[in-house]
Amino acid sequence: MTRIAGMAGNRGRNLLNIADRNPGGAELAVVLTNDADAPVLEAAAERGIPTEVVPLEDDMSRSEHEEAVLEALSEYDFELVCLDGYMRILSETFLSEAPTTLNVHPALLPAFPGMDAWGDALEEGVSVTGCTVHVVTDATDEDGNVVEEDVDAGPIVTQEPIPVYEGDDEESLKERVLYEGEFRAYPRAVKWFAEDAVDVDLEAGEVTVESDVATVGD
Ligand code: 3YE
């Protein structure tokens, strides 16, 4: 059985979807957030999932905060970390200690990385966008500063295309990408990990999925 440490920013809807569907038998071992008011905390507790809050104090460096996160997670057993709206860039401090860490990004990477993927897709006028589940790789330099082009740049596990319709605004597109895209792609990625069908080679920057599971639908 694969256990997941979920790290959420706000509502954690992907994590709750994964918790409710148990893809490949995977279970949420814990949900962690930096925000004591995040709605995901109550929703997780209602499902009997333990929660942890690790606030980002004013005087904390990125590494210090990541160490506090690792400390909070050290009480739990997990083989995979899933980010869902977690609004922090992670450095080697976290990534070298944690098991494979996944993120879902609301665009077909490498198109539209960054914070406003829906707005960028609308502005560009594309007729198809989507979402990407990728492995989180270091995006900081030796001084702990963010290297912008290394964010959302880790190897891709799976993607889901989503049409953009005439009259879409950011809100309508965002909802379609979440409910029709991320709600398919993220559980699919988790299922492949749970079935041990994924090989992550960070040195080569590659993810390989066994072809027989990769072709099976949701
Ligand atoms: N970390 C690495 N690589 C990745 N985290 C996420 C994706 C991803 C990752 O591909 N290494 C905006 C958050 C970005 C931002 O710049 N945050 C600041 C602090 C802002 C704040 O706390 O108010 C920062 O320095 O982290 C998940 C998505 C991250 C989105």
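# Working through helices, loops and odd backbone angles

The buried residues of helix H3 pack against strand S1 (3–8), strand S2 (27–33), strand S3 (51–53) and helix H4 (92–95). Keep in mind that you're looking at a predicted model.

**Exercise 1.** Check whether the length of H3 agrees or disagrees with what its residue count suggests, then work out how its buried residues are arranged around the axis.

*Solution.*
- Start with the count: H3 covers residues 62–73, which makes twelve residues.
- At 1.5 Å a residue they should span 16 Å, and the end C-alpha atoms sit 17 Å apart, so the two agree.
- Next, list what is buried in H3: His65, Glu66, Val69, Leu70, Ala72 and Leu73.
- Look down the axis of H3: the buried residues stay within an arc of 160°, so they line one face of the helix.
- That buried set is what packs against S1, S2, S3 and H4.

**Exercise 2.** Find which residues of helix H1 are buried, say what covers them, and look at what follows the helix.

*Solution.*
- H1 runs over residues 13–21, and Asn14, Leu15, Leu16, Asn17, Ile18 and Ala19 are buried there.
- The cover over those buried residues includes S1, S2, helix H2 (40–46), strand S4 (80–84), S5 and H6.
- After H1 comes asparagine 22, with a positive phi near 45°.
- For background, most residues other than glycine have a negative phi.

**Exercise 3.** Describe how helices H5 and H6 pack: what are the angle and the axis separation, which hand does the crossing have, and which residues make the contact?

*Solution.*
- Geometry comes up front: H5 (residues 117–124) and H6 (residues 170–194) pack at about 115°, their axes 9 Å apart.
- The crossing of H5 past H6 is right-handed.
- On the H5 side the contact uses Trp118, Gly119, Ala121 and Leu122, and on the H6 side it uses Glu170, Leu173, Lys174 and Val177.
- Sort that contact by class and you get five nonpolar, one polar and two charged residues.

**Exercise 4.** Stay on H6 and place two of its residues, serine 172 and lysine 174. How do they rate for exposure, and how far off are their partners across the chain?

*Solution.*
- Serine 172 belongs to H6, and its 25% relative accessibility makes it partly exposed.
- Serine 172 and tryptophan 118 are 54 residues apart along the chain, with 9.6 Å between their C-alpha atoms. Tryptophan 118 is one of the H5 residues in the contact with H6.
- Lysine 174 also lies in H6, and at 32% it counts as partly exposed.
- Going from lysine 174 to proline 106 takes you 68 residues in sequence, but 7.8 Å in space, C-alpha to C-alpha.

**Exercise 5.** Inspect the loop between strand S5 (101–105) and H5 at proline 110 and phenylalanine 112. What is the backbone doing at each?

*Solution.*
- Proline 110 sits in that loop, and the peptide bond joining leucine 109 to proline 110 is cis, with omega about 15°.
- Phenylalanine 112 is in the loop between S5 and H5 too. Its phi is positive, about 50°, although it isn't a glycine.
- Is phenylalanine 112 buried or exposed? At 15% relative accessibility it counts as buried, since the cut-off is under 20%.
- Now try aspartate 196, in the loop between H6 and strand S8 (198–201). This non-glycine residue has a positive phi of about 60°.
- With 62% relative accessibility, aspartate 196 counts as exposed.
- As a reference point, most peptide bonds are trans.

**Exercise 6.** Take two loop residues, alanine 38 and glycine 48. Decide whether each is buried or exposed, and give a C-alpha distance for each.

*Solution.*
- Alanine 38 lies in the loop between S2 and H2 and is buried, with a relative accessible area of 4%.
- Leaving out residues up to four places away in sequence, alanine 38 touches Gly9, Asn10 and Thr33.
- From alanine 38 to lysine 191, 153 residues apart in sequence, the C-alpha distance is 26 Å.
- Glycine 48 lies in the loop between H2 and S3 and is exposed, at 60%.
- Glycine 48 and glutamate 124 are 76 residues apart in sequence and 43 Å apart in space, C-alpha to C-alpha.

Methods:
Residues numbered from 1 in each chain as written. Predicted model: local features only at pLDDT ≥ 70, side-chain atom pairs only at ≥ 80, totals over all residues. Heavy atoms only, no water. Axes fitted to C-alpha atoms, helices over the stretch in contact; angles between N-to-C directions. Helix = DSSP H or I, 4+ residues; strand = E, 2+ residues; numbered from the N terminus. Left-handed = near helix turned anticlockwise from the far one by under 90°. Contact = heavy atoms within 4.5 Å. Nonpolar A, V, L, I, M, F, W, Y, C, P; charged D, E, K, R; others polar. Expected span 1.5 Å × (residues − 1). Buried < 20%, exposed > 50% of the residue type's maximum accessible area, 1.4 Å probe, protein only. Arc of directions from axis to C-beta.
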